[in-house]
Amino acid sequence: MVTETLALWRDAERCYRVVTARDSRFDGQFIMAVRTTGIYCRPSCPASTPKAQNVRFFPTSAAAQANGFRACRRCLPDAVPGSPDWNVRADLAARAMRLISDGTVEREGVPGLARRLGYSERQLGRVLTAELGAGPLALARAHRAHSARLLIELSELPLTDVAFAAGFSSVRQFNETIREVFATTPSQLRAFAASRRRPDVSGTRLSLRLPFRPPFDAVGLLRFFAAHAVPGVEVVTSTSYARALRLAHGTGVVRLTPAADHVRCELTLTDLRDLGSAVSRVRRLLDLDADPAAVTRVLGADPALAPAVAAVPGIRVPGAADGEELLLRALPDVALPPGDEVPGEWGVTRLFPTAAQVAATGHPVAEALASGRLEVHVGRDAAELRAELLTYVGPSTAEDVVMRVLGAPDVLVIDDPVVRRGAEALGIPPGSLPERARAWTPWCSYAGMYLRRTAVS
């Protein structure tokens, strides 16, 4: 399963069949570029299907851009769910992509990205170019271009301010990138967006549409967040979830409202440079880049699990808005001091306390986080993070943190009593879970969610 997913963009015949069928389930998993027009598209682009001899396939939009192609203005290939490869894969390329999408290159440069990953800049560049068709600067450039397009279309900021908010070092670099990627100027892009609809924008508030691959179990996510909400930090209703975000350049508050084919994301930010990072964290929090069809294909083949899979299509694994926060919330014996206040929005009034604030209570895990001895972020290697966590917490907590912070799809928390209770309810002896998990690979995390859902239903 994993090998098949990783090789998809290299399988030109299969990719062309997907493009011919305009199958939206594959949006974000590869890019189609058309030699005769110089344009790259998502697989489901509604334009006429080009001839097979005129197309090339790439793993990322950055790779297509590096080869001289520009984005299609009809299908907006950057505004699609992210590739599930970045969660399925545990290698350097996947870890790098998660950090790049979180804005690490804009904040710390390529040296900072390489340092977080534990590689030299040269090694990192070589691996990313071989695996993804573009180096870290090109991948970050594609990320900046997407953030810039959102700000151009969904805000009334002067274009000069958009340039620096999106992470560009100069207005000239911003203008050149927009022309190269979208074949238009920033002013024309804004005018075109305004002619289609008036965005819901007020001050620093932006309203975005976050796509996902259907089906999407929104009800299950809202129930999960409601059961674990921290008062003041999170507010959950029957139709929406709101929470505070601690970001690199300031704070933010987000409200997420699931719809039929997207999640409406309303954001207020103190610094618009955090837009790309905020969107990336929200997508991980809701597991919006999941591939439910692949999950159903594997888990639905298990006779014991099949009824649960059929009953709840599109189940998601709740992620984390912040790795340190998730670990601190998982500790049973931690006393949480009140976090800093934020301007009230949708009932949210404060941030989750920092590790340093919790460390003042004398908790050893918080002290390790505050001192930097323990780092919990999306760029960590799963095995290394698990080993470090086991120094401070039990196996179940360590596995749960790895699963949710990294978006790891193949983690089954076997010792979780709720998981074991759900297994029993489905007629699966808890002692057979390790063996059963081999048949559920690489989607054990989703199997665990089905077992938890069964236990509490």
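In this predicted model, Val 334 has a relative accessibility of 18% and therefore counts as buried, the cut-off being under 20%. Val 334 sits in the loop that runs between helix 16 and strand 10. Leaving aside residues up to four places away in sequence, Val 334 touches Leu 328, Val 358 and His 363. The chain also brings Thr 361 to this region: Val 334 and Thr 361 are 27 residues apart in sequence, and their C-alpha atoms are 8.4 Å apart.

Leu 328, one of the residues touched by Val 334, also takes part in a contact between two helices, where Glu 324, Leu 327 and Leu 328 of helix 16 meet Val 365, Ala 366 and Leu 369 of helix 18. By class, this contact has five nonpolar residues, one charged residue and no polar residues. The axes of helix 16 (323-330) and helix 18 (residues 364-371) come within 10 Å and cross at roughly 170°. Angles over 145 degrees count as roughly antiparallel, so helix 16 and helix 18 are roughly antiparallel to each other. The spacing of the contact residues can be read against a general rule. An α-helix has 3.6 residues a turn, so residues three or four places apart point the same way.

Strand 10 (341-345) is followed by a loop that leads to strand 11 (348-350), and Trp 346 lies in that loop. The phi of Trp 346 is positive, about 60°, although Trp 346 is not a glycine. Is Trp 346 buried or exposed? Its relative accessible area is 17%, so Trp 346 is buried. Ala 183 is another residue other than glycine with a positive phi, near 55°. Ala 183 is found in the loop between helix 10 (171-182) and helix 11 (186-196). With a relative accessibility of 29%, Ala 183 counts as partly exposed.

Helix 16 also leads to the second largest pocket, because helix 16 is among the elements that each supply at least two residues of its lining. The others are helix 12 (218-228), strand 7 (241-247), helix 20 (395-406), helix 21 (417-425) and helix 23 (444-456). The second largest pocket has a volume of about 910 Å³. Of the 38 residues that line it, Phe 224, His 228, Asp 400, Arg 404 and Arg 452 are the closest to its centre. By class, the lining has 18 nonpolar, 14 charged and six polar residues.

Which helix gives the largest share of this lining? Helix 12 does, with seven residues. The buried residues of helix 12 are Ala 218, Gly 220, Leu 221, Leu 222, Phe 224 and Phe 225. These buried residues pack against strand 6 (234-236), strand 7, strand 8 (250-258), helix 13 (275-286), helix 20 and helix 23. Phe 224 thus appears twice, as a buried residue of helix 12 and among the lining residues closest to the pocket centre. In the loop between strand 5 (205-211) and helix 12 lies Pro 215. The peptide bond that joins Pro 214 and Pro 215 is cis, with omega about 0°.

A second cis peptide bond is found ahead of another lining helix. This bond joins Thr 441 and Pro 442, with omega about 5°. Pro 442 is placed in the loop between helix 22 (433-440) and helix 23.

Helix 23 carries Arg 452, one of the lining residues closest to the pocket centre. Arg 452 has a relative accessible area of 15% and so is buried. Not counting residues up to four places away in sequence, Arg 452 touches Asp 400, Met 403, Val 413, Asp 416, Val 418 and Val 419. Asp 400, like Arg 452, is listed among the residues closest to the pocket centre. Arg 452 and Arg 420 are 32 residues apart along the chain, with their C-alpha atoms separated by 8.4 Å.

Val 418 and Val 419 belong to helix 21, and both take part in its contact with helix 23. From helix 21 the contact also includes Arg 421, Gly 422, Ala 423 and Ala 425, and from helix 23 it has Gly 448, Leu 451, Arg 452, Thr 454, Ala 455 and Val 456. The residues of this contact divide into seven nonpolar, three polar and two charged. The axes of helix 21 and helix 23 come within 7 Å and cross at roughly 75°, which means that helix 21 is roughly perpendicular to helix 23.

Terms used
Residues numbered from 1 in each chain as written. Predicted model: local features only at pLDDT ≥ 70, side-chain atom pairs only at ≥ 80, totals over all residues. Heavy atoms only, no water. 1 Å grid on protein atoms, 1.4 Å probe; cavity = no way out; pocket = protein on both sides within 12 Å on 5 of 7 lines; lining within 4 Å. Points joined across faces, edges and corners; volume = space filled by probe spheres on them. Helix = DSSP H or I, 4+ residues; strand = E, 2+ residues; numbered from the N terminus. Nonpolar A, V, L, I, M, F, W, Y, C, P; charged D, E, K, R; others polar. Buried < 20%, exposed > 50% of the residue type's maximum accessible area, 1.4 Å probe, protein only. Contact = heavy atoms within 4.5 Å. Axes fitted to C-alpha atoms, helices over the stretch in contact; angles between N-to-C directions. Parallel < 35°, antiparallel > 145°, perpendicular 65-115°, else oblique.
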